[in-house]
Amino acid sequence: MSLTDTETAVAVLAGLVILAGLAGVVVPGLPALPLCWGGVLVWALFGGAGPGRWAVLAAATVVVVVGTVVKYSWPGRNLKRTGVPTSSLLAGGLLGLVGFFVIPVIGLVLGFVGGVWAAERLRLGDSRLAWPATRQAVAAAGLSMLVEFLAGLFVAALWVAGLLLA
């Protein structure tokens, strides 16, 4: 294929969108799994990869749906079991978002941890009691990100397999 070929251009565009989706796991504002799925969708619609492209799109759709459900249910269930309230997570998310823009990238983590700790400190009244809940919230956020990243990687692997088999 030449670089001016439409199929090549669509494949490169789809790959870039999938990469952006994988980056979206850690960058606020980028919807990770929808971007990965969108890259596969663009490739399936405009890439001319043959009938196998629809099987790849269907498999990617299943992975994205299952990944999204697991991303929210598994860590959330762990947090409910440990008693960390949603309000503490929202405070962490808000401060994490602010922190991301104040101190790029590292501010996201610092803001999230600081926000959850501050909310738990206010709720529980003792800083020693706030740390276990903060650790649980950070572990849940990490688990959520891991699930989302693995689902995105699986979508990317399906797409690469579709490219190679087409």
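User: In this predicted model, which element gives the largest share of the lining of the largest pocket?

Analyst: The lining of the largest pocket comprises 40 residues, and the elements that give two or more residues to that lining are α2, α3, α4 (86-102), α5 (106-124) and α6. Among these elements, the largest share, 9 residues, comes from α4.

User: Which class of residue, nonpolar, polar or charged, has 28 members in that lining?

Analyst: The largest pocket has a volume of about 1,100 Å³, and K71, F112, A141, S144 and M145 are the lining residues that lie nearest its centre. Sorted by class, the lining of this pocket has 2 charged residues and 10 polar ones, while the class with 28 members is nonpolar.

User: Which residues does I18 touch, leaving aside those up to four places away in sequence?

Analyst: I18 belongs to the largest nonpolar core, which has 18 residues, and is listed with C36, V40, W43, V155 and W159 as touching the most other members. The elements that give two or more residues to this core are α1 (6-23), α2 (32-46), α3 (52-82) and α6 (127-165). With residues up to four places away in sequence left out, the residues that I18 touches are C36, G39, V40, A156 and W159.

User: How far apart are the end C-alpha atoms of residues 138-165?

Analyst: An unreviewed UniProt entry places the feature "transmembrane region" at several stretches, including residues 94-117 and 138-165. Over residues 94-117 the chain is 88% helix and 0% strand, with end C-alpha atoms 13 Å apart. Over residues 138-165, by comparison, the chain is 100% helix and 0% strand, and the distance between the end C-alpha atoms is 40 Å.

How values were computed:
Residues are numbered from 1 along each chain as its sequence is written. This is a predicted model: local features need pLDDT of at least 70, side-chain atom pairs count only at pLDDT 80 or more; totals for chains, interfaces and linings use all residues. Side-chain values use heavy atoms; hydrogens and water are left out. A nonpolar core is a set of buried Ala, Val, Leu, Ile, Met, Phe, Trp, Tyr and Cys residues joined through side-chain atoms within 4.5 Å. Buried means under 20% relative accessible area, exposed over 50%, partly exposed in between (1.4 Å probe, protein chains only). Helices (H or I, at least four residues) and strands (E, at least two) are DSSP runs, numbered from the N terminus. Contact means heavy atoms within 4.5 Å. UniProt positions are given in the numbering used here, feature names are shortened, and annotations may be inferred rather than shown by experiment. On a 1 Å grid over the protein atoms alone, a cavity is a set of points where a 1.4 Å probe fits but cannot get out, and a pocket is an open set with protein on both sides within 12 Å along at least five of seven lines; lining residues have an atom within 4 Å of a point. Grid points are joined across faces, edges and corners, and a volume is the space filled by probe spheres set on the points. Ala, Val, Leu, Ile, Met, Phe, Trp, Tyr, Cys and Pro count as nonpolar, Asp, Glu, Lys and Arg as charged, and the others, Gly among them, as polar.
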